[in-house]
Amino acid sequence: MDIQRRKLLKGAVGTATAATLAGCAGIESSGSSIRKPNFLFLSLDDCNDWLGFLGGNPDTRTPNLDKLAARSTIFDRAYCSAPGCNQSRASLMTGRNPASTGVYGNRQPFRMSPLAKDALTLPQLLKANGYYTEGAGKIFHNKFPDPPSWDNFFPDRDTQFLPRVPPPRETTGPRDAKGKILGELEWGSYQGKLDRTRDWVSIAHTRAAFARGLQEPFFFACGINLPHVPWFVPAKYMEMFAPDRITLPQVLDGDEDDLPALGKKAFNRMRVPNKALHDQHLVREAVAAYLASIASVDVMVGHVLEALAASPYADNTVIVVWSDHGYHLGEKTNWSKFTLWEEATRVPFLIHDPRRPAARVAAPVSLVDIYPTIAAMAGVAPPPGLDGRSLVPLLDTPALDWNDPVITTNYRANHGVRDRDWRYIRYSDGGEELYDHRGDPMEWRNLANDPQYRSIIERLAQKLPAFDAPDAPEVEWPEDNPALIAALEAE
Ligand SMILES: [Ca+2]
Ligand SMILES: [Ca+2]
C-alpha cells in the first residue's frame, strides 16, 4: 500500500491502533463498528506455475486467473510446506509444518495426530470470532473432512468428498503390456454432462451461495480438484492445445548423475511410466492434457469471480488463490509431485484485496503463512505455535527487504529450504543438494559438494527444523459414501 492510501485509511479508521491491528485490509469505519473483510478462498489441486501470470509454460491459457492476478498481489516465490495433498492442506489449514505435526503423508488425518488433534483450523478460528464459514469441494484432503471448521459445507459437513468424474469411453495414458494404465496418468475427453462432475457441482454451489446471499463477514472456500489426475475434461479444452505444437518442459540428459542416493531415488521414482510415455509417444499428449485441465479450471474460476462480482460483496471480499503443491511434467523423470524440487514445490498464490493496488512480491513465502495472514487481515489474534508469519507487511510494502527462507518437507526428515536465489535440500540420510536459481532455474547443477558454497548451505541449514515429529497414525482410505453418490446421481 502506498503512503497516501495508508494515510487515508488511518484517517478513516480514526486510530493508528485499529489500522495496525487489522493489517488495514478491508477494515473501515462505519460509526463505532468496524466492517471486517470477507474471504473467498479458492484452491486448485496439483497446479504448478503453468498460469499465464507465472510464466511456467508459454502455451497455457488462463485469462480469468491472469485478469484477477492483474489486480492482486502475486507471490512469485510461493512454496508449499509439503508436496502432497493431505500433508500440504493439513499444514495450510492448521498453520503448522509437517515436522511440527507428524502429518507427512496422504493417509494421516491431522485429527489423529497427537500433536495436531486439537488444532484450531483457520476457518475454526474465524468461526470463533464472528465469521460465517462455508465451503465446497476439496479444501481439506478429500477423504478427511473437518466438520468443526464449517458452519456449512457442500455436500455436507461430514462428507466433503464428491465422487470422481466418470471416465470417458476412451482414455489414454502410459500402459503396460496388458493394456493397464501404469500409475495414475490418464486423460480423455469427457462427454458426459458437466453438472455431473464434482468440480462443476462445487462451482454451481458456490455461484448459488453468492446469488442467495451470505451472512457477513464470511470465509467461503471453494476447492477445485483439477488439474489433479485423471485429466478428463470436455473436448473443447483438449482441442485448445495441439500436442505437436506445444512447448515441452526442458530436461537434461545425465541430470541425475550429481544427485545423492535419495535424490536419485526421487529422480527415478516414476521411471517406468516415464519410459512408457516416451516409448508410446504420449509425452506431448500428456502435457497437452494437463494444459487443457488448467484451461478448464480457469473457466471455473471465471464463473466464481463473476458470481462474486455480481454480488453485493465484491468491494469487501479478499480473494486468496492457492494450489496445494506443484507438479512435474517430465522434469527429473517425474510426472507427479512428492519431490523437493522446484516443479513440485512452487505454487500459484495470490491475494486480491480490493483496497490494494496490484503488486508482485519476490520474497519467498510459504502456504503456511496463509493462516496468520488471513487472521491478521480479519483482525483476529491467531493461536500460539503457528509456524508461518503474517504476510501483511509484504502486502503493505511489496518490495520490503524480506528473505526469510521457507521450508518444504517430503516425508519425515527430508527437507528443502528455499530463499530468493537458492534451494538447499537435505535428505534423511544426510544427502545434500544445492541449486543457484540465478543461473540454474531447472536445478540441473548440484553445487552441494563444492566447498565454496559451504557458508550458503550453513545459512540455509539453520532453517531446518530442530525436531522432526514422529509420523502420525495412518488410516486406510475411507470408502466413498455410497448413499451420497446415489443421491447426487439421482439429482
Ligand atoms: Ca494435490
Ligand atoms: Ca543434476
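A pocket, in the sense used here, is an open set of grid points with protein on both sides within 12 Å along at least five of seven lines, and its lining residues have an atom within 4 Å of a point. With that in place, I shall turn to the structure, which is a predicted model.

The largest pocket holds about 450 Å³ of space. Its lining comprises 23 residues, and those nearest the centre are Asp-49, Gly-56, Glu-343, Arg-346 and Met-442. Two elements, strand 4 (73-79) and helix 12 (342-345), give two or more residues to this lining. Strand 4 gives the most, with three residues. By class, the lining of the largest pocket divides into eight nonpolar, seven polar and eight charged residues.

Helix 12 deserves a further word through one of its residues, Ala-344. Is Ala-344 buried or exposed? Its relative accessible area is 0%, so Ala-344 is buried. Leaving out residues up to four places away in sequence, Ala-344 touches Cys-80, Pro-83, His-325, Gly-326, Tyr-327, His-328, Lys-337 and Thr-339. As for Arg-269, 75 residues apart from Ala-344 along the chain, the C-alpha atoms of the two are separated by 14 Å.

One of those contacts of Ala-344, Lys-337, leads to the second largest pocket, where Lys-337 is among the residues nearest the centre, together with Asn-106, Arg-164, Glu-184 and His-228. The second largest pocket has a volume of about 380 Å³, and 26 residues line it. Of these, ten are nonpolar, seven polar and nine charged.

I now come to the enclosed spaces. How many cavities of 30 Å³ or more are there? The count is two. The largest cavity contains about 160 Å³ of space. It is lined by 17 residues, with Val-165, Thr-197, Asp-199, Leu-226 and Phe-232 closest to its centre. Helix 7 (198-212), strand 9 (231-234) and helix 11 (283-309) each supply at least two residues of that lining. By class, the lining of the largest cavity has eleven nonpolar, four polar and two charged residues.

Thr-197, one of the residues closest to the centre of the largest cavity, sits in the loop between strand 7 (187-190) and helix 7. Its relative accessible area is 6%, and Thr-197 therefore counts as buried. Beyond its neighbours within four places in sequence, Thr-197 is in contact with Val-165 and Tyr-190.

Next, the metal site. Which residues coordinate the calcium ion, ligand 2? The donors come from Asp-255 (O and OD), Asp-258 (OD, twice) and Trp-444 (O), at 2.2 to 3.1 Å. In sequence, the donor residues follow the spacing D-x2-D-x185-W. Distant parts of the chain are thereby linked: Asp-255 belongs to the loop between helix 8 (235-238) and helix 9 (261-268), while Trp-444 belongs to the loop between strand 16 (432-436) and helix 15 (454-461), 189 residues apart. Asp-255, at 4% relative accessibility, counts as buried, whereas Trp-444, at 22%, counts as partly exposed.

Finally, helix 15, which follows the loop of Trp-444. Its buried residues are Ile-456, Ile-457, Leu-460 and Ala-461. Why do they lie on the same side of helix 15? They cover an arc of only 130 degrees around the axis, and so they share one side. In general, an α-helix has 3.6 residues a turn, so residues three or four places apart point the same way. The buried residues of helix 15 pack against strand 14 (415-418), strand 15 (422-426) and strand 16.

Terms used:
Residues numbered from 1 in each chain as written. Chains lettered and ligands numbered in written order. Predicted model: local features only at pLDDT ≥ 70, side-chain atom pairs only at ≥ 80, totals over all residues. Heavy atoms only, no water. Donors = N, O, S within 2.8 Å, 3.2 Å for Na, K, Ca; no water. Helix = DSSP H or I, 4+ residues; strand = E, 2+ residues; numbered from the N terminus. Buried < 20%, exposed > 50% of the residue type's maximum accessible area, 1.4 Å probe, protein only. 1 Å grid on protein atoms, 1.4 Å probe; cavity = no way out; pocket = protein on both sides within 12 Å on 5 of 7 lines; lining within 4 Å. Points joined across faces, edges and corners; volume = space filled by probe spheres on them. Nonpolar A, V, L, I, M, F, W, Y, C, P; charged D, E, K, R; others polar. Arc of directions from axis to C-beta. Contact = heavy atoms within 4.5 Å.
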